[in-house]
Amino acid sequence: MIESSSAPRRARQYSGVLLSVVALIASIIAAPPAVRADDSAAVQRAKPSLPTKGLLPARIAVAHKAAIASAYPLASEAGQEILAAGGNAFDAAVAVSAALAVVEPSSSGLGGGGFYLLHRQSDGYETMLDAREKAPGAASRDMYLDKAGNPIEDASIAGALAAGIPGEPAAFEYLARKYGKLSLKRSLQPAIRLAREGFPLYARLQGGIRYKQKVLQRSPDAAKAFLSADGGVPEVGAIIKQPDLASTLEAIANQGAQGFYAGRVAADLVAGVRADGGIWTLQDLAAYRVIERKPLIGEYHGARIVSASPPSSGGIAVLDALNILSGFDLHRYDSATAKHLVIEAMRRAYRDRAIYLGDPDFVKMPLAQLASKDYAAGQRSSIRTDKAMPSDLLPGIESEPVGMQTTHFSVLDSDGNRVAATISVNLFFGTGYMPPRTGVLLNNTMDDFSTKPGRPNEFGLVGATANAIAPNKRSLSSMSPTFVETPKGVMIVGSPGGSYIISMVLLGTLNYLDGMNAADIVKYPHYHHQYLPDEVDYEQGALTDAEIKELQAMGHSLKVSGRRWGNMQVITWDYATGKVDAASDPRGEGVGLVY
Ligand code: DON
């Protein structure tokens, strides 16, 4: 529902960091216990995490501020409101996610899912909430292929058949009930208000609406929410009101996850999906559960890396690349060679991602091997410091295409609890389809499966099988919410960007460990290699002319990217001084709040 606004309300911008006035020296808090499983959660999966031995967990000496970095100021402010009301980082995560569903509906929402990496400061407990979308029970391996076995164009990205069963509403209830201090109802208030009262359209969202205009026009409810009455693109500053979404959020606020996965909303979702050619059932919705999984934990030059575990490939790929790089002292090399080594590490990590990874509830994965230093040493031995290794010399298969939109946010509360959450509807506005009366845009995350498994390739079958479609399975993701912790401090990091997420988080990690501050980390120009296609993509400014020449001489094929990638949200916290920084990627219009 669009209202024009003659005087567009500008979202309040916070100029950034307020340093702690009084730094209270507190005694060093004893090392929290290693990650433990919480058997009380019926949905907990006690998967082995990777070795943590010898790594230093957080030690805090000085009082510090809370911080939130998200992709849009109104969402950061929603989290701030909840922290100010006495909520902790986990309550704030509910508020920020729900507000993003309203004000950044192109990137995430109730109709999507994602991963929430949590750290509870009181006992050091770390966990990952897997709220990834699930394939419907009637899904099948070849559902996007025609009779001849060829992919049906757009079948896995357009229309309700492309939508997995959403996980985000279940994560809201779970976060609030198990980890939060406030009621779910309280934490959802800012989002409900934003949906009901509206917010002013901003340029990036307008661009997304223009890009998806035709798709949105095909869904009357989506058109009513995001297009003007004549089906056009509203002007910047027009007030976007979403009363149906407000009602759905209210149902969740009043009834918990049941308000979405059962009752009137569920009935409308299933009816809408089926009317649009989808295969959801009420049973699919009723059966959806968030799964707590142990995060992946590794070490790089003394830093402790905590990241997303499968069905995200992010953590394993970041750790794999860091393990490969740990055998080099990158500072010893000239900048072109250092970047070459990072690219070669990316190439190998992405290859493993393509081959081995999938939903851990469906496939066995050699995670311990992939994350081991010995395996990395083997990978490293094939890297020459003066020459690119063509990807086709590494046995493997094609990896999947890059996605287009998603969102990440980071939260730190004043107790030291933290959240790194990357949530998504996959492509811009997901399918762009909104089942009538729900206000919920459906994801097209089914496209993250290998929609055509079994390619005739030596190792292709393995990878394709690991991430093949199956009923109730979660598709493999690149979303990589991560904590990077050293004895000096911690960084909470993540980004959207499809397959580029992993390389961005890798570069962000290396930059943090090199002493870069949060503002510089988020604006760093990226370069990326994902094994196949065998080329280095880079943003303008990521490589100097001299580096380009040297990398080409080593045999790298380079391609400057026409677009800017990512929307990284970083919080850093220095234990010694208590200084907290929050920064949002200047490629977007998000904001990092410290207060
Ligand atoms: O889970 C994944 O890997 C994708 N669905 C993420 C999509 C994405 O980041 C698109 N962003 N630009």
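**The ligand shell and some backbone features**

Good morning. The shell of residues around the ligand consists of three nonpolar, eight polar and two charged residues; in this grouping Gly is counted as polar, Asp, Glu, Lys and Arg as charged, and Ala, Val, Leu, Ile, Met, Phe, Trp, Tyr, Cys and Pro as nonpolar. The model is predicted, so local features require pLDDT of at least 70 and side-chain atom pairs pLDDT 80 or more, while totals for chains, interfaces and linings use all residues. Residues are numbered from 1 along each chain, and side-chain values use heavy atoms, without hydrogens or water.

Let us begin at the ligand. It is surrounded by 13 residues, with a heavy atom within 4 Å as the criterion. The closest are Asn 426, Asp 448, Ser 477, Ser 478 and Gly 498. Which residues place a polar atom 2.9 Å from a ligand oxygen? Arg 132 does so with a polar side-chain atom, and Thr 406 with an N or O atom of its side chain. From the backbone, an N or O atom of Gly 498 lies 2.7 Å from an oxygen atom of the ligand. On its own the ligand has 340 Å² of accessible area, of which the protein covers 97% (Shrake-Rupley method, 1.4 Å probe).

I turn to Ser 478, one of the closest residues to the ligand. Ser 478 sits in the loop between α16 and β12 (482-485); helices are DSSP runs of H or I with at least four residues, strands runs of E with at least two. With 8% relative accessibility, Ser 478 is buried, a term for values under 20% with a 1.4 Å probe and protein chains only. Its side chain makes a polar contact of 2.8 Å with that of Arg 353 (N or O atoms within 3.5 Å, one able to donate a hydrogen and the other to accept it). Beyond four places in sequence, Ser 478 is in contact with several residues, among them Ser 312, Ser 313, Gly 498 and Ile 502 (heavy atoms within 4.5 Å).

Thr 422 belongs to strand β11 and is buried, at 0% relative accessibility. The side chains of Thr 422 and His 408 are joined by a polar contact of 2.8 Å. Thr 422 also touches Thr 406, Met 479 and Ser 495, among others.

Next, the backbone. Most residues other than glycine have a negative phi, and most peptide bonds are trans. Asn 426, in the loop between β11 (418-424) and α16 (460-466), has a positive phi of about 80 degrees and is buried at 7% relative accessibility. Tyr 531 has a positive phi near 80 degrees and is buried at 2%; its place is the loop between β14 and β15. That loop also holds Pro 533, which is joined to Leu 532 by a cis peptide bond with omega about 0 degrees. A further cis bond runs from Pro 310 to Pro 311, with omega near 20 degrees, and Pro 311 lies in the loop between β9 (303-307) and α12 (314-325).

Finally, where is pLDDT under 50? It stays there over residues 5-58, which have 106 contacts beyond four places in sequence, and over residues 397-404, which have 32. For the whole chain the mean pLDDT, the predictor's confidence from 0 to 100, is 87, and 86% of residues reach 70 or more. Where pLDDT is low, the predicted coordinates should not be read in detail. Thank you.

Conventions
Buried < 20%, exposed > 50% of the residue type's maximum accessible area, 1.4 Å probe, protein only.
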